[in-house]
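Me: I would like to learn how to read a few features of a protein model, one at a time. Could we go through them together with the structure in view?

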Amino acid sequence: MQKPSSEEPADDRLEVTPPETWAAGVPAVYHAMKYSLDQTSARRTGLTLLNLNQVRGFDCPGCAWPEPEPGHRPMNEYCENGAKHTNDEATSRRVTPDFFRRYPISELAGKSDRWLNQQGRLTRPMVKRPGSDHYEPISWSDALDLLADELAALDSPNEAVFYTSGRASNEAAFVLQLFSRAFGTNNLPDCSNMCHESSGTALSETLGTGKGDVSLRDIHHADLILTVGQNPGTNHPRMLSALEECKRRGGRIVAVNPLPEAGLARFKNPQRPRGVIGRGTRIADRFLHIRIGGDLALFQALNLLLLEAEEAAPGTVLDRDFIDAHTEGFEEFARHLRATVSWPEVEKATGLARARIEEVRDMVLGSERVIVCWAMGLTQHRHGVPTIREVVNFLLLRGNVGRFGAGACPVRGHSNVQGDRTMGIWERMPDHFLDALAREFHFEPPREHGWDSVASVRAMRDGRAKVFLGLAGNFVRAISDSEVSEAAMRTCRLTAHISTKLNRSHVVCGETALILPTLGRTERDVQATGEQFVTVEDSMSRVHASHGVLEPASKHLLSEVAILSRLARRTLGDKVPVRWERFEADYDCVRDHISRVVPGFEDFNTRVRRPGGFCLPNPVNEGVFPTPAGKALFSRNDFEALTAPPGHLILQSLRSHDQWNTVPYTDDDRYRGIHGSRRVVLVNRYDMRELGLEEGAPVDLVGVWEDGAERRAENFRVVDYPTSRGCAAAYYPETNVLVPLESVAYRSNTPTSKGIVVRLEPREGAARATAPAVGEGAPS
């Protein structure tokens, strides 16, 4: 079997320079333009960038950070990575049938993620027949008939899996979930399962809604923002402009991270003179260099300090009016916390002295409006859900929920990942959604919960899932346990992917495989009733239109909505009374149905045509908490921290700066000073010395789990980097191979990609450093 590309040889071109101490500025503009012009012409680059994130333009296919209101939106409302991601899709390179005649699938399976992506846009439907090692052209009619016939031949609808990435539009996501449920299954895994599922689970359990309650205006006007487990400088750089505005208005920011990140240190806004010729803006007033997985302990400690401050000065610290009127469980929470928190354990778990945590407590006491922002540094842990529940406890104590300038802010990392869930892409949609679907379309949707991403891989592995359809994304590189997941995908009778560009999921395929090429976000979409637009929902619940501006990469492309509508019509026939052909002809028809099924979308077609769209209602901001108790719930969370045996480290996976999701654009990570290779492991110099390793030493990363099983990522180079002591970092998806499919977060089932216990095993002939003397080696 072809090994996953996580086992490629190390790249000897590795060059390491000191990490950057600031982000953006002129270099960001240079690198954005350099990559864009390498992909396409100056004219197309200009056309895309002038329309990117504009009212009559298209939404960035990258992150889900919101745009400012119309009238307050700059002409260049994009970041370096957004420009790269957009022009990566708008590339002039093409993958034609000749390409697939030249390259057998077995050879493509040995290529890197970057190489596959760089071949360009897919242009024709392609099929791999049983026993063949090549894709060959197929007509759209034959491709969709083949897929429909395979679906119809299944013994049960639950043998099919319908996966969605956050790149899909609201309209496509709604049509897919409708088709899946009309077909008879709730097997609707999505990329949220692998990233922010812990956020949705924790927020639903405590506030009654799975979304944050913060707007861009709240960020601007907060007194204090805690950014926890996230790197906005790389993953959502436009957030730095919002943090800069908060600082301009007198707000303060605390960064909590196992690695210092350039964007959270200083930001040089390239749209301001001081960002071009000046020093820019210092972002973080405090940096807490926390150990991986120590965030639960940190927030438990902060909450105990707030309780003690209230005891010392009753009526001056906690918002008792809010607690009494709008919450439940405070007394039980407080008793549990007092009995749980041990300062020696907190300091060990966090790597922080008590005095450092007390400094943050003092900042909280001096702030009326507090926001906590977080990303996957919190969610991808076994205790990710309890950690976020403890964050909610922290906000509830001082009434920092549901009011201006305060709240919970999970920062989603992909364009429409939140919109997909709103549209019904979830294996466990509540009955009220399914009831509305039944009333609107006159059929009874299945009620049995389906499979999420991890469960889908298990089902394929065990022979219970036989057809996999992916709407965008790169499933086999996004999911954990690469060898197991790839072997599972190859057991399918048929795999099909609706995609714009080539990726590894196309070459890790079933007995029969289809590539269904689709329009990109940047391209014009003309259907029978004229030019169409789609909609997306950003990370702060604002829904707005996206209009493509480029001519399609090929005359053979179909839109996502068209592909799904034609497939549904072929598969279901007259089984359900849905006029699929109208969906394809006029997306207003899709939106009309959405307006009657999805709460908050009433009069959808009219409201979304207003400049900037509209914001979905959040009950928390109306003082309503849709929990069983009708109030926000304090939670009791058992203390938990990550530990590693002697000679081991705790590893987190992360993105490089020149990467979007699973696809690297180059082998560089310039903010961290890594050039020419991705097969590196970042280790604190004192840990290197204690482990007897020299910088540049070749090692294998060996994941060690409670059941004694080991997984190996081969041939990495050790790089001296200021990670927190006892911790390390390496890039994903190369390290996904280290995370067992069974290692998931409690309740959310999210892979634990931020909490991997590893040993660094020197490869044969590697030089070893001299171990430090007793007492030598200061903490980071």
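Me: Which residue lies over the face of Trp22, and at what distance from the ring centre?

Reply: Please keep in mind that this is a predicted model. To read such a feature, look for the charged end of a Lys or Arg side chain above the flat side of a ring. In this case Lys268 is the residue over the face of Trp22, and the distance from the ring centre is 4.0 Å. You can look for a second example at Phe533, where Arg591 lies over the face, at 4.0 Å from the ring centre.

Me: How many aromatic pairs does the structure hold, and how are the planes of Phe99 and Phe100 placed?

Reply: Rings are paired by how far apart their centres lie, and the angle between the planes then tells you the kind of pair, with over 60 degrees counting as edge-to-face. The structure holds 21 aromatic pairs. One of them joins Phe99 and Phe100, which are edge-to-face, with 90° between the planes and 5.2 Å centre to centre. Both Phe99 and Phe100 are buried, and they belong to one aromatic cluster together with Tyr103, Trp115 and Tyr135.

Me: How many cavities of 30 Å³ or more are there, and what lines the second largest cavity?

Reply: Rolling a probe the size of a water molecule over the atoms shows where empty space is left. Here there are 4 cavities of 30 Å³ or more, and the second largest cavity holds about 210 Å³ of space. Its lining has 17 residues, of which Leu519, Gly520, Arg521, Asp525 and Val534 are the closest to its centre. By type, the lining of the second largest cavity divides into 5 nonpolar, 7 polar and 5 charged residues.

Conventions
Residues numbered from 1 in each chain as written. Predicted model: local features only at pLDDT ≥ 70, side-chain atom pairs only at ≥ 80, totals over all residues. Heavy atoms only, no water. 1 Å grid on protein atoms, 1.4 Å probe; cavity = no way out; pocket = protein on both sides within 12 Å on 5 of 7 lines; lining within 4 Å. Points joined across faces, edges and corners; volume = space filled by probe spheres on them. Nonpolar A, V, L, I, M, F, W, Y, C, P; charged D, E, K, R; others polar. Phe/Tyr/Trp six-rings, centres within 6.5 Å; stacked < 30°, edge-to-face > 60°. Buried < 20%, exposed > 50% of the residue type's maximum accessible area, 1.4 Å probe, protein only. Lys NZ or Arg CZ within 6 Å of the ring centre and 35° of its normal.
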